[in-house]
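Trainee: I'm new to this one. Could you walk me through it, one question at a time?

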Amino acid sequence: MPSPYEEERVWEGSNQYEDEGTEDVIDNPEEVLQECLEKFKTPDYIMEPGIFGQLKRYFQAGGNPEQVIEQLSINYNAVAQMANLLAEWLILGGVKVTEVQAMVENHLKDMILKTFDPKKADTIFTEEGETPAWLTEMIEHPTWRSLIYRLAEEYPDCLMLNFTIKLISDAGFQGEITSISTAAQQIEVFSRVLKSAIVGFLQSSDDWQNSVTECAKMVCHGAHTYVYSQVIVHILSQEPRGGAIMKRLSQEITRCAQQSGHDVTPITLALTPGESWRSARTALAAMLSRGALNPADISVLFRAYTQPEPPPVHLLRIPHFLELLVDSLFKLGSKLNPEHKSKYMYLLAYAASVCEGVTPGRPVKDELKATVQAIEKIHAVCSSSASSSELISELPSLYHCIRFPVVGMGVLVWVECVVTEKSYFKLCTEHCPVHLALLDEVASCHPLLHHRLLKLLVQLFESPQDELEILVQLELKKMLLDRMVNLLSRGCVVPVLQYIKHCWQRGDTDISLIRYFITEVLDAIAPPYTPEFVQLVLPMVENEEITGTMRAEGENDPVSEFIVHCKAHYVVV
């Protein structure tokens, strides 16, 4: 779009204002003259795009040229020209061109948002019959595209805005369309936005959680967007290359829908193979819809999976069902009927360890027995309410069982319940409680649980412990920082560093704790480093308030050595 303060636009006699046929037949000249004169009296009407058409109507009705010249001249305020002149003065006064342009554009945006009329906007197409040239030019500029997005959000039924959104998508800017209500109006536009979201998820690495959350929120905008997207993702999940990643994306989308209070069980099961196993699917659907397990349906599933030719294992691997099983077995306060407890354990172990064999209906159960035994052992410990001192004697068997991924998840759920009790740290006497030591082992064995582990540590680190003395609180936070350093050493590097840097930048964390963390990290690391690692750590290491007391004469201390190495081998922004 032309800069608002450029020279006055010259309106050439293009087809936009020319009469394509013969002169119009005027039925009521007096009425036409009165209508035209009313328009000519409006301020700056001579600058309106439709001025030529109105002048032709006026003269065809027998209008007086002197009268129209007088009306247009008297009502010419030159608002646009004055804005251009003021902008030129600002530039001559030393203000940057980009700043002046931003001021004018932002003011125009505010005025348009206040005065926009969707009905008048829709007449653009009815009057001109084609896409206006200025609209095509307009969408090339980010400022005006953002204005279109805001207007489309407020006026979803405006045909002109919906058409413009399609033009923006056709021009390749679909990645900017963050308003899902806008994109969901047209399947072609939504498909492109969905494609951009999936590509963003596939290309993300450490920030994949945020990427999948954004994608899931977009898909869960409505029932039609959810079904459409899930079917597409399901088809992609059948591909041999990258199919497992698409399966995970589908599961995360389902989780987002459930957290929003939607029952998507029928859609989930419709996209899950195994239609011939109706009794198992019916029992599963009943529990998923209610969000709770019950012995009757569990017994149906148990009988189905203990027969010679059981249903496919993927029926049990619906994440929501697995979460219900883990919570029922490992959460504090969960009560199970002793007669059915073994069935719950068997189904959880079956889902976690059995895989489909080469021959249909003949699954591979080599690890099933050992997994069941590990679940039984850990469940017995978790439900025994044993004290920390009593747990120490169980550590060897606990560490052995934690190697099973499903047990690692169960231990994490159990520890979450224990350590988030308000009185836990008040009654705790050990420097590092046994429960948190178990988390260190979970971090060592199961990288896929790192994100949830860090979330728990952050929750504990930020939880108020007002009943403890200040020094005790500091020691507690140092102990939690030790757990984060251990998590970092096990591969969860960037998320841990991002959190600590965020704590430092917020300024609400004791600087001695940041210093303690940096000290521990510098003792644990050695070159080479990734550029991302350097960008996260170096600002904290260079900060005098954090590391000033850690530096020695010369460059023989860890702080100086790290800084010198980074400055010599990396481009520091």
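## A salt bridge and its surroundings

Mentor: Let's start inside helix 14 (residues 243–259), where Arg248 and Glu252 sit four residues apart, so about one helical turn separates them. Keep in mind that this is a predicted model.

Trainee: What kind of link do the side chains of Arg248 and Glu252 meet in?

Mentor: Their spacing in helix 14 is about one helical turn, because they are four residues apart. The N to O distance between the side chains is 2.9 Å, and the cut-off is 4 Å, so the link counts as a salt bridge.

Trainee: Which of the two is buried, Arg248 or Glu252?

Mentor: Buried means under 20% relative accessible area. Arg248 comes out at 36%, so Arg248 is partly exposed. The other partner has 12%, so the buried one is Glu252.

Trainee: And where do Asp440 and Arg483 sit, the other pair you wanted to show me?

Mentor: Asp440 and Arg483 also meet through their side chains in a salt bridge, at 2.9 Å from N to O. This pair links distant parts of the chain, with the two positions 43 residues apart in sequence: Asp440 is in helix 25 (residues 434–445) and Arg483 is in helix 27 (residues 470–489).

Trainee: Are Asp440 and Arg483 buried or exposed?

Mentor: Asp440 has 16% relative accessibility, so Asp440 falls under the 20% cut-off. Arg483 has a relative accessible area of 12%. By that cut-off, Asp440 is buried, and Arg483 is buried.

Trainee: Which residues do salt bridges that share partners join into one network?

Mentor: We have already met two members, Arg248 and Glu252, whose side chains form a salt bridge. Shared partners bring in further residues, and the network is made of Arg248, Glu252, Arg255 and Glu323.

Trainee: Which helix holds both Lys39 and Glu35?

Mentor: The side chains of Lys39 and Glu35 meet in a salt bridge of 3.8 Å, N to O. Lys39 is partly exposed at 28% relative accessibility, and Glu35 is partly exposed at 34%. The two are four residues apart, so about one helical turn lies between them in helix 1 (residues 29–40).

Trainee: How many salt bridges does the structure hold?

Mentor: The pairs we have talked through include Lys39 with Glu35 and Asp440 with Arg483. For the structure, the count is 13.

## Three residues up close

Trainee: What does Gln230 touch?

Mentor: Gln230 is in helix 13 (residues 223–237). Its relative accessible area is 2%, so Gln230 is buried. Leaving out residues up to four places away in sequence, Gln230 touches Ser250, Ile253, Thr254 and Leu271.

Trainee: How far apart in space are Arg452 and Leu412?

Mentor: Arg452 lies in helix 26 (residues 450–462) and is partly exposed, with 30% relative accessible area. Not counting residues up to four places away in sequence, Arg452 touches Met409, Leu412, Val413 and Glu416. Arg452 and Leu412 are 40 residues apart in sequence, yet from C-alpha to C-alpha the distance is 8.6 Å.

Trainee: Where is Ser334, and what does Ser334 touch?

Mentor: Ser334 is in the loop between helix 18 (319–330) and helix 19 (338–353). With a relative accessible area of 33%, Ser334 is partly exposed. Setting aside residues up to four places away in sequence, Ser334 touches Asp327 and Ser328.

## The whole chain

Trainee: How many helices and strands does the chain have?

Mentor: We have named several helices on the way, including helix 13 (residues 223–237) and helix 26 (residues 450–462). The chain has 32 helices, and the number of strands is zero.

Trainee: What is the radius of gyration of the chain?

Mentor: The globule rule gives 25 Å for 573 residues, and the chain is well over that, so it is more spread out than a compact globule. Along the principal axes, its C-alpha atoms fill a box of roughly 105 × 75 × 45 Å. The radius of gyration is 34 Å.

Trainee: What share of the 573 residues do buried residues make up?

Mentor: Gln230, at 2% relative accessible area, is one of the buried residues. Across the 573 residues of the chain, the buried share is 42%.

Technical notes. Residues numbered from 1 in each chain as written. Predicted model: local features only at pLDDT ≥ 70, side-chain atom pairs only at ≥ 80, totals over all residues. Heavy atoms only, no water. Buried < 20%, exposed > 50% of the residue type's maximum accessible area, 1.4 Å probe, protein only. Rg over C-alpha atoms; globule rule 2.2 N^0.38 Å. Contact = heavy atoms within 4.5 Å.
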